[in-house]
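Please open the model in a viewer with residue selection enabled. The tour below proceeds stop by stop, giving a selection and then what is found there.

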Amino acid sequence: MMGPRQVAQGALFYEFSIDGFVPLDHPVRGIDRFLDLSHVRPLLAPFYSSGGRPSIDPELMIRMLLLGYCMGIRSERRLCEEVHVNLAYRWFCRLDLTDAVPDHSTFSKNRHGRFRESGLFRHLFETVLQRCMDEGLVGGHSFGVDASLIPANANQTRGIDSKEGLPPDLTSRALDEYLETLDDAAFGAATDAIPKYISPVDPAARWTGADGGAAYFAYSTNYLVDLDNAVIVDVEPTAPIRPAEARAARDMIDRVQARFGINPRKLVGDTGYGSAEMLGWLVEDRKIAPHIPVWDKSKRTDGTFSREEFAYDTTADRYTCPAGNTLETSRRKFSRPRPTNVSKDGLIRYRARKQDCETCHLKAQCCPTQPARKVLRSVHEAARDIARDIRKTDAYMTSFMQRRKVEMLFAHLKRYIGLRMMRLRGPKGATEQFQLAATAQNLRKLAKLVPVTAPG
């Protein structure tokens, strides 16, 4: 028999609980277990006025922002709409059925003011990281580092030629942040090379073709990852150039050591972190084993002997060529020790005697166009040799496979978190987006790996 037609009947009273309509296995329940916002209000209190009308609860705004990143909702306007109609999202944000959802413009007002001035987003990231450590997800002995390019929120076809410079009447918040970072090692001071184009709407975004395809304006997000469970232990925005990314890796390792007392035993990375200066800092200053390929350009392609053909004597500090002649930094005997012949680029020059090279039967294979052979050696060559020796071990092959965990985090960032392109502009906008995205990834990791404890 056909049932009666259902017609909505308005009732005067309802017995309704949102909690009963949120499935126990819903992702927001797992994330909510590990989200502690008890310190948000004391942190923000100095940045609120003592008078005026009461503001929107900052905890509500933070919950909504994190919800957007955890669920891959890029637009704040759409985020407000989703929270308005989705019971699970209302439950996560501590909103009842009759509670109003904040307007999307409220986020930008707070973001450009008290949220950034108070360091709130860094505080949230470190709070979640501490929870990961408390749950035993951070080993602290093996770290991986890498960077990924994120296209800037800028028209890629309207760049200004850097030779012409930006218009003098141009004013914007992104321009002010760009001027503030001109002497920052992560942006303006990272290199003397001038980009071909500058974006008028986001000058700090750098024109780059590092991906191998067409060039575009972009930022780099840098991750320092504990390789035990792929937990992000630090995040830093930089310009998309190798010196800035290497410097960010050093800053992140120092910050993690200072704030959490973690000093890893090994660091895994690609060739971009294999410069002599970086390897020297890891081995000599921090005693960290570099599981990193060496950035080496000493291999010759013209058929003549490369530096590896010359044997180095550590005790005598000299090289011996294939013909048995020696190459030294200096052949004079000084009564007072002289400083080592080190150039500004950190290279020591070892030279052979002109008399030896002129009569040598291997001159055509060694220095056919020069009167004598010269070999360059970095002041950090011992650290480079350690990295070369590590690469020959089975442990390096294990590290090579573990490095994929960092790359998978970037794939997750772009596919599930939705950060395929920057939404905010300027270095501060990049910092906010990258820190919130990394916080969301760690929250999802906690919800996935830490089981729910049965009551009683």
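Begin by selecting Ala230, which lies in the loop between strand 5 and strand 6. In this predicted model, Ala230 has a positive phi near 55°, although the residue is not glycine. Ala230 counts as buried, because its relative accessibility is 9% and the cut-off for burial is under 20%.

Move next to Arg94, in the loop between helix 5 (87–92) and helix 6 (105–117). Here too a residue that is not a glycine takes a positive phi, of about 60°. Is Arg94 buried or partly exposed? With a relative accessible area of 47%, Arg94 is partly exposed.

Now select residues 242–260, the 19 residues of helix 9. At 1.5 Å a residue, this helix should span 27 Å, and its end C-alpha atoms are indeed 27 Å apart. Colour the buried positions of helix 9: Ala244, Glu245, Ala246, Ala248, Ala249, Arg250, Met252, Ile253, Arg255, Val256 and Phe260. Which elements cover these buried residues? The cover includes helix 7 (120–134) and helix 10 (276–285), together with strand 1 (142–151), strand 5 (216–226), strand 6 (231–238) and strand 7 (266–268). Just after helix 9, select Gly261, where phi is positive at about 70°.

Keep helix 9 on display and add helix 7. The axes of the two helices, 7 and 9, come within 13 Å and cross at roughly 70°. Helix 7 is therefore roughly perpendicular to helix 9, as angles of 65 to 115 degrees are classed in that way. The crossing of helix 7 and helix 9 is right-handed. To display the contact, show the side chains of Arg122, Glu126, Leu129, Gln130 and Met133 on helix 7, and of Arg255, Arg259 and Phe260 on helix 9. Phe260 and Arg255 are also among the buried residues of helix 9.

The next stop concerns the cysteines. How many disulfides does a search of the whole structure find? The search finds zero. For Cys70, the nearest cysteine sulfur is that of Cys93, 11 Å away; a disulfide would require the sulfur atoms to be within 2.5 Å. Cys132 is likewise in no disulfide, and its nearest cysteine sulfur, that of Cys70, is 12 Å away. Cys70 is buried, with a relative accessible area of 1%, and Cys132 is buried with a value of 0%.

Proceed to Arg29, in helix 1 (residues 27–32). Its relative accessibility is 15%, so Arg29 counts as buried. Leaving aside residues up to four places away in sequence, Arg29 touches Asp19, Val22, Pro23, Leu24 and Trp91. For a distance check, select the C-alpha atoms of Arg29 and Gly68: these residues are 39 apart along the chain, and the atoms are separated by 15 Å.

Finish at Val342, in the loop between strand 11 (326–328) and strand 12 (347–352). Val342 is partly exposed, with a relative accessible area of 37%. Apart from residues up to four places away in sequence, Val342 touches Leu347, Ile348 and Val379. A last distance can be drawn from Val342 to Ser55, 287 residues apart along the chain, whose C-alpha atoms are separated by 61 Å.

Definitions and conventions. Residues numbered from 1 in each chain as written. Predicted model: local features only at pLDDT ≥ 70, side-chain atom pairs only at ≥ 80, totals over all residues. Heavy atoms only, no water. Helix = DSSP H or I, 4+ residues; strand = E, 2+ residues; numbered from the N terminus. Expected span 1.5 Å × (residues − 1). Buried < 20%, exposed > 50% of the residue type's maximum accessible area, 1.4 Å probe, protein only. Contact = heavy atoms within 4.5 Å. Axes fitted to C-alpha atoms, helices over the stretch in contact; angles between N-to-C directions. Parallel < 35°, antiparallel > 145°, perpendicular 65-115°, else oblique. Left-handed = near helix turned anticlockwise from the far one by under 90°.
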